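The following paragraphs walk through one structure, starting from a single residue and moving out to the sheet.

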Amino acid sequence: MPQITFHKNGQTFQGEVKSGANLVVRAGIKQFPFPHLAYQCGMGKCATCACKVLAGAEHLPAPNWKEKKQLGAHLDEGFRLVCQLWPEHDLELEQVPLPASPASATQAAGTAPATPAV
């Protein structure tokens, strides 16, 4: 059974899960990593469950189209959508806010996006 190590807010949580279990589904039924994993839709549409994979990425399948759409360049930084993973091997994850994308960094700097004329 895979050992899952989960880091969030400076704390570390560990637990075993059945091989092929989905961590978002487990959290939804109040099993590990509940209540620590933030999630929302469970279908790859919101990216709330995005986590950085610290160890075990080599055992995960390639990102699917939902992860590519939601995470984009963050995939290269090691982020994955936990709702799209069914671990078969030990996995170490950290849930941190996704770094700002270049578009949101521009907006955060006070540059408003162009708005169409009415």
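Gln95 lies in the loop that joins E5 to helix H3 (102-108). The model is a predicted one. Despite its loop position, Gln95 has a relative accessible area of 8%, and because the limit for a buried residue is under 20%, Gln95 counts as buried. Its side chain forms a polar contact with the side chain of Lys8, at 3.4 Å. Leaving aside residues up to four places away in sequence, Gln95 touches Phe6, His7 and Lys8, then His36, Leu37 and Ala38, and also Thr48, Cys49, Ala50 and Cys51.

A second loop residue is Val82, placed between strand E4 (79-81) and strand E5 (91-94). Val82 has 2% relative accessibility and is therefore also buried. With residues up to four places away in sequence again set aside, Val82 is in contact with Asn22, Leu23, Val24, Leu37, Cys49, Cys51 and Leu93. Leu37, Cys49 and Cys51 appear in this list and among the contacts of Gln95. Val82 and Gly44 are separated by 38 residues in sequence, while their C-alpha atoms are 8.7 Å apart.

The strands named so far belong to an open sheet of five, ordered E2-E1-E5-E3-E4 with mixed pairing. Strands E2 (11-16) and E4 form the edges; each has a single partner strand, so one side of each lacks a neighbour in the sheet. From one strand to the next, the twist averages 35 degrees. Within the sheet, E5 pairs with strand E3 (residues 50-55) in the antiparallel sense, over three bridges. Glu92 in E5 is the bridge partner of Ala55.

Note on methods
Residues numbered from 1 in each chain as written. Predicted model: local features only at pLDDT ≥ 70, side-chain atom pairs only at ≥ 80, totals over all residues. Heavy atoms only, no water. Helix = DSSP H or I, 4+ residues; strand = E, 2+ residues; numbered from the N terminus. Buried < 20%, exposed > 50% of the residue type's maximum accessible area, 1.4 Å probe, protein only. Contact = heavy atoms within 4.5 Å. Pairing = 2+ DSSP bridges. Axes fitted to C-alpha atoms, helices over the stretch in contact; angles between N-to-C directions. Polar contact = N/O pair within 3.5 Å; in protein donor to acceptor, adjacent residues only side chain to side chain.
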